[in-house]
Amino acid sequence: MELLNWKKGIPAVAIVLFVAALVPVVAFGTVTVHELVVLGTTDLHGYVMPYDYLTVKEVSDYGAAKTFTLIKWAREMYNNTILIDTGDAIQGSVLAEREARIDPIKMGDTPSIIKAMNIMDYDVVGIGNHEFNFGLEYLDLAIASADFPMISANLYNEDTKELRYDPYVILEREVDGIPIKIGVIAFLPPEIMMWDRVLLEGKVYAEPIVDAAAKYVPKLREEGVDLVIVSLHQGSSDAEAILENVEGIDGIIMGHSHGKIADKIDGVPVTMAGSWGSSLGLIHFHLLNRDGEWEVFSSCPQLWHVDEKVEAAPEIVEAVKEQHEATIDYVMAPVGTTAVPIKGYFSRVIDNEVTQLVNEAQLWYVKEYFKGTEYESMPLLSAAAPFRTNTSVDAGDVRIMNAADIYIYSNTLHVVRVNGLELKGWLEKCAENFNQIDPNSTEEQNLLARFSSYNFDIIEGINYQIDVRNPVGQRIVNLTYEGEEVEDDMEFLVVTNNYRAGGGGYHLVDADIVLSSTVENRSVIIDYIIEKGTINPTPSFNWSIVPFESAGKITFSSSDEAATLPEELGIKGIKYIGDRVFEVDLIELAENVPHAVAN
């Protein structure tokens, strides 16, 4: 039978359900059939309002205020629901950033996203990796202001070796008037010990997820729960690993990777509801009750999505109005001017203004910081990645919103010491940004691989080329420092961020960190612009792709907004051919780079 949504704004869904989906209670002698719907969100990242603070515009497809409207509809449609979030709630948006670091709220106050989640009436929230970006104290503040438990079963205090947070909760609820005990257990990524090492090392440690699940899911079952739901701040592969090793799990709410999933893994229903409040996951459980004992008869995962037809819940809009308006005022404040446009559309293909600005600012800060220290005379480099390949700042005023567009993450500045061999390995990892190109092929070839732009570091202070004809691990050529070939035993200091220094992206392993700063990279950029007044981040073209002739077209994708940029900015070798696709001529592209070398 077809179940059609009756609320405006929810896309119609056709699902073959057991008769209990439409008739919540069906009696068969001493057996009754009931429906329980587990609602799940994830990776809200502080996006309370449907608003993009980087463009200062309302949006239609995300925001917890809109998600709450879906939740209210679900609660009206289904008699029995619980609401779970898998974490990464308190960090991410400019609103959240401002409350934590720019105009910080204090213990006893409530972050806007927690205000919203209190109104949304969550039953339980798992803790994600980004919960730690602002430090343990700020997370404690958020937990203290929450009207719901925040849990994790795999994080321990270093001093006591005891769990820092409750591993699970048991929700004692009723389904159609019959008592039921629902156990919810949460797991976070152990990689937090790398990603936020400077904030966590010596204070806490994380246990592998499967080990923690094997330990605590049976304990939860021993407490007599009728249903076990896992809040997993990881994706499908980790869900599979848990299910392969641990019995007794009825459903999993996933997160972390910002995907949209409604599926079954080994017969267990799973959902992942995107990010920023863009979707709501629903797991429909059809339960048999035999003389007071519950069992799962069937289950069905589903996603509802936020769109322009879904209005923001007025109670949340009102609750965060003051902080929302203050954030808009904050991002609109000018800090300086730029003499040139700062565009990131081609940042994975050619040196550009975005990474140039970040690297110049980082070098400016660290050179001053290291004056008079043992590091002052060491070769100093800087690494920066194009986090957003559609960054666009016109010549003229630079505002806070522009700085947040250029550097979107709340990273803190770190400096690592590497030798020449490690430096080359770092660059080789970045060169995985490109597909291997066969110059003799007459077929069209895509230059760019499936590779996250935030992992494509451009390292300033050296010169190097990337030969995309070569296989992975053999692409970095003509690597020099001050005109001399970089030798394996040479030592360098590289300015980067806490994510990379902690092993994020796996460019570095057990990095020798010489500076673990709590100063944000974005704040360094803002201070640099204020200091200079007017900036002119002209690309140094210290890196380039080795030019060569190709028998067929070489192309890459970017935004249609960049269609006229090659002509406007005088970039040779890139031509728009339609439908977001650009053709690149590597011989002509090299004409932009005075010191490019053909191999």
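**Internal cavities and a helix pair**

The largest cavity is lined by 14 residues, of which Ala-383, Ala-385, Phe-387, Asp-457 and Asn-497 lie nearest its centre. A cavity is a set of points on a 1 Å grid over the protein atoms alone where a 1.4 Å probe fits but cannot get out; lining residues have an atom within 4 Å of a point. The model is predicted: local features need pLDDT of at least 70, side-chain atom pairs count only at pLDDT 80 or more, and totals for chains, interfaces and linings use all residues. Residues are numbered from 1 along each chain as its sequence is written, and side-chain values use heavy atoms, without hydrogens and water.

The structure holds 2 cavities of 30 Å³ or more. The largest encloses about 70 Å³, a volume being the space filled by probe spheres set on the points. Its lining comprises 8 nonpolar, 4 polar and 2 charged residues. Here Ala, Val, Leu, Ile, Met, Phe, Trp, Tyr, Cys and Pro count as nonpolar, Asp, Glu, Lys and Arg as charged, and the others, Gly among them, as polar.

The second largest cavity holds about 40 Å³. Its lining includes Val-349, Ile-350, Ser-544 and Leu-586. By class it has 7 nonpolar, 1 polar and no charged residues.

Helix 7 (residues 209-222) and helix 8 (residues 236-245) pack at about 40°, with axes 9 Å apart. Helices are DSSP runs (H or I, at least four residues), numbered from the N terminus. Axes are lines fitted to C-alpha atoms over the stretch in contact, and angles run from 0 to 180 degrees between N-to-C directions. In contact (heavy atoms within 4.5 Å), Ile-209, Val-210 and Ala-213 of helix 7 meet Asp-238, Ala-241, Ile-242 and Asn-245 of helix 8.

Note on methods
On a 1 Å grid over the protein atoms alone, a cavity is a set of points where a 1.4 Å probe fits but cannot get out, and a pocket is an open set with protein on both sides within 12 Å along at least five of seven lines; lining residues have an atom within 4 Å of a point. Helices (H or I, at least four residues) and strands (E, at least two) are DSSP runs, numbered from the N terminus.
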